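Here is a short set of exercises to work through with the model open beside you. Try each task yourself before reading its solution.

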Amino acid sequence: MANRLRSATTVGVLLVSVLALTLLFGNTGERIALQMCVNVAAVVALAVYCGNTGNVSFGHGAFMTIGAYLSGILTMPTALQGSALPQLPKFLAGHELTVLVALPFVATAGLGVAILTGFAIARLKEASAAIATLGLLIIVHSIAVSAREITRGSQTFYGVPRITDTLFVLSAAVIFILIARAYRESRWGFFARAVRDDEDAATALGIVPFRARFIAWCLSGAMATVAGALQGHVLGAFSPASFYLSLVFAQIVMMIVGGMSSVGGAVVGVIAVTMLQNSVRNLEGGFSVAGFVLPEVFGLTTVALGLAILLIIWLRPQGIVGMFELGPEADSGVLRKFSRRSEPASNSAPVGDEQLVVSGLSKSFAGVTAVNDISLSVPTGQITGLIGPNGAGKSTLINLMTRQYNADAGRTHMGMADFTHLPRHAVIRRGVARSFQNLRLFHGLTAFENVLVAAFATGHTRRTAEAIALRELTAFDLADIAGMQAEKLPYGARKRLEITRALAQDPTMLLLDEPAAGMNPAETEDLASRLDAVGRNRNIGILLIDHDLRFVNRLADRIVVMNRGHKIAEGTPKEVRTNAHVIEAYIGWGRTAQTAISKPITV
Amino acid sequence: MDIWLQQFINALSLGGIYAMLALGLAIVFSIARLINFAHGEIMTFGGYGIFLSMALDFPILVTLTVGIAAAVVMALMMERVAFRAMRGASIISLLITSLAVSEILKVLFQNFISPRPVPISFPSLWSGSYQIGEMTIGVAPTVSIIVTISALGGLTFFLRHTATGMSMRAAAEDFEMLRLLGVRANRIIAVSFALSGLLAGIAAVIWTAQRGSVDPMMGTFPVLKAFIATVLGGLGSLNGAVLGGFVVGILEVLAQAFLLDSLAPYRDAIVLSIVIILLLIRPDGLLPARDGTRS
């Protein structure tokens, strides 16, 4: 419901500004509105990739080039085509389609190119992705300039049927907004945004970053191709330069100024920048202010765009709209509303008895042996503690077990399943979930969405996924703040949220890397009783790493102690407490240490 | 044999220019996490420096110094005016900032200097050639290879054997750690920009000597290739950038020399497609940078 309202708000903003332009400025206004709607389509298409994956693309100019020329050729009157493009290959010539009929072909062609290029580009992120997309732009541009038989080279390509109907382009822009909104709130949109915020955490949930980015790229590319076709029909005559760096720059400015992480941001950005461009363009030919005559300045609009983007990045890096969509704000009481209308998910059935077995795992980094021949087993229904001083190799061990690193030697097994050649994202499918030493939440998503993504990644339908998220958040006392952005939650809540997210995947094993680090005693105590309950009710096996000895001692049925990569002791908390090696490694020699460790622990 | 050597020299000369530009980009990226889209304008500004001092009839050595100095000054100014305020911003914000700086500078060049190419005439000696046995070899490519190799060699020496150079290499691997050790961030970043300006200035000298003119877009196209080279080499890896530059240059010259006439216009498209295929095989680049992140 709230999501529909958000889409409606964005569409509404566009409709109002188009209406205002046409009513206030007559013909000029209508011309501006027409171009503005095309820009909305193009920038929304661009933001489908950029906003959801967090990468910037320069390559969308390439899709627009393809769309403009292909649609131009398919719709061009046959007679005109004979004189303008005498050497056009046969299969492209003489179709004379209407624009509406040509668009599906254009979209398909764009999708094809996106799939082809996506295999390379979806592997990359951030700066590498930006430059690879720039490469795509250069490739397509240079082909458009060289393929004279098809494009007339760098000369003007003319004879393209013109679109002058604002309503047609406006409808296209609205459809684009709705598609982009639907994708953003879909399972694949969430996956892409999870990967954007934290690739390692997303992979541990079973999301394949390449696939998530690939789908965003393909959808975005196909949409941009259609937007390019529209742009071509609005212009009527164009050349490859019409879709090159300056257009790409202008569209990126629009996207960033509005805020690239939301669809509403893209639309607001286009509207704001269109206003700016048109006001400045009037000044470009020289003007006089209070008697001073300023000379003609070539490229004043470019300077204005440049300054606009610099100001936005300095003052408000998330853009005018910010991280969140236009429309109703995320509501902190979102779950209460949910619970009123949906059936809560049944408690997850206790998992069957299994064992996660580590045998002889070793790993060295540049000559330093971080983990040396470690064997241990984590049974379900128990909490196994893993303690050791800093640098003992505990986190490295978890990273080896979950395939974050490749082990130099040794294996991890779960029942019959051997993890040795398992890709990282498949570990969760064997029932092993984990948390991270440094919090790794999806900071751009709400608490609810963080858990929802995890349930989606397990393969649940939206209904079930929402119900599971509700169940887990309630169990960890996060329901009241579920609508808040994860980044803004208090520290203790964020720590709990990470565990909640892992539990939403109904794991058999849960590997917790310092879940109580940085918590105050009350929070630690609270976490201890919750973990205890989870272990008992759901029969989950927990491997618990922590520095807080009391915490581990209280919870663990068995404790494994590591020091300098070796396992130095294993046993019940009591056995471990009195083990001489442990005392030496963990606390060091001395009377105080002796008394500290042998004193009975009371909590 | 003859044609192969000729092409080899051309490839080294072009690859050297790309390598210097790519290395400049990589130094700044590895330290400031900035993909500097305005790097081309640094090179262009160097070109205008040469143009200005030629117009003033300065001796050739002074002219070259002015050109290189102009590029260094431009790089330092950019860092001070636009990028220092952005320290710690996301990679994407930095990238967009540099894009805006680049667009604004281009408009300034067009309005305050000239939208059209301005001529530069190097002494005729540069355009000459000499003979080794049967072969005719151009002076300009030879000089450019010698200059490139000395510049790269000098920089390697600087990075390996001076205190500043070593702290820069350390900064490239873990900047936060270096700051904790008390190395001044501003200084390291300024030096990295100065070095990238120096390399761009040298590239500008070689480039203008071969083309004979400067225009507002002069730096844009070679720098686009240099971007591709940095990604091909492995973003953030200094050795990778140099290797990537040479690979892109060599591919380009080979394509130029051996493509069928009908395919010749598609040279850039073919070269870049090969680079993308190489990236499919090695997504982290040919010589990936070290990554020190922990879970």
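The exercises below concern a predicted model, and each task is followed by a worked solution.

**Exercise 1. Taking stock of chain A**

Task: Describe the make-up of chain A in terms of its helices and strands, its box and its buried residues.

Solution: Begin with secondary structure: chain A has 23 helices and 12 strands. Next, put a box around the C-alpha atoms along the principal axes; its sides are roughly 95 × 55 × 50 Å. Then turn to burial: 58% of the 603 residues of chain A count as buried. For the surface, the accessible area of chain A is about 24,200 Å², and carbon and sulfur atoms account for 59% of this. Now take the contacts in chain A between residues at least 6 apart in sequence: 75% of them join residues at least 24 apart. Finally, look at charge. Chain A carries 51 positive and 41 negative charges, and the mean positions of the two sets are 2 Å apart.

**Exercise 2. Looking for disulfides**

Task: Find how many disulfides the whole structure holds, then examine C218(A) and C37(A).

Solution: Start with the search over all chains, which gives zero disulfides. C218(A) is thus a useful case to check by distance: the nearest cysteine sulfur belongs to C50(A) and lies 14 Å away. A disulfide needs sulfur atoms within 2.5 Å, and C218(A) is in no disulfide. Next, consider accessibility. C218(A) has a relative accessible area of 7%, so this cysteine is buried, because the cut-off for buried is under 20%. C37(A), at 0% relative accessibility, counts as buried too.

**Exercise 3. Building a sheet**

Task: Work out the strand order of the open sheet in chain A that contains β3 and β6, and identify its edge strands.

Solution: Take the pairings one by one.

- Strand β3(A), residues 355-365, runs antiparallel to β6(A), residues 409-414, and five bridges join them. Within β6(A), R411(A) is the residue opposite S359(A).
- β6(A) also pairs with β7(A), residues 417-418, in the antiparallel sense through two bridges. Here A417(A) in β7(A) sits opposite M414(A).
- Two residues separate β6(A) from β7(A) in a hairpin, and G415(A) in the turn has a positive phi of about 55 degrees.

Putting the strands in order gives β4-β3-β6-β7, an open sheet of four strands with antiparallel pairing. The edges are β4 (368-379) and β7 of chain A, each of which pairs on one side only.

**Exercise 4. A hairpin in chain B**

Task: Which residue takes a positive phi in the hairpin of β2(B) and β3(B)?

Solution: First locate the strands: β2(B) covers residues 129-132 and β3(B) residues 135-138, and they pair antiparallel over four bridges. Check the register with Y130(B), which stands opposite I137(B) in β3(B). Two residues lie between the strands, and G133(B) takes the positive phi, near 60 degrees.

**Exercise 5. An enclosed helix**

Task: Explain why helix α16 of chain A is described as largely enclosed.

Solution: Count the buried residues of α16(A), which spans residues 447-457: 10 of the 11 are buried, so the helix is largely enclosed by the rest of the structure. Among them are F448(A), E449(A), N450(A) and F456(A). Then step past the end of the helix: just after α16(A), G459(A) has a positive phi of about 105 degrees.

**Exercise 6. Three residues, buried or exposed?**

Task: Place S196(B), S261(A) and R4(A) in the structure, and decide for each whether it is buried or exposed.

Solution: Take S196(B) to begin with. This serine is in helix α9 (residues 185-211) of chain B and is buried, at 1% relative accessibility. Beyond neighbours within four places in sequence, S196(B) contacts G24(B), V28(B), H39(B) and A75(B).

S261(A) belongs to the loop between α11 (245-258) and α12 (263-283) of chain A. Its relative accessibility is 8%, so S261(A) counts as buried. With neighbours within four places again left aside, the contacts of S261(A) include G51(A), R184(A), R196(A) and Q318(A).

R4(A) lies in helix α1 (residues 2-53) of chain A. At 66% relative accessibility, R4(A) counts as exposed. To finish, take one distance: R4(A) and A216(A) are 212 residues apart along the chain, and their C-alpha atoms are separated by 21 Å.

Definitions and conventions:
Residues numbered from 1 in each chain as written. Chains lettered and ligands numbered in written order. Predicted model: local features only at pLDDT ≥ 70, side-chain atom pairs only at ≥ 80, totals over all residues. Heavy atoms only, no water. Buried < 20%, exposed > 50% of the residue type's maximum accessible area, 1.4 Å probe, protein only. Contact = heavy atoms within 4.5 Å. Areas by Shrake-Rupley, 256 points an atom, 1.4 Å probe, with all protein chains shown as cover. Lys, Arg positive; Asp, Glu negative; His and termini not counted. Charge placed at Lys NZ, Arg CZ, Asp CG, Glu CD. Pairing = 2+ DSSP bridges.
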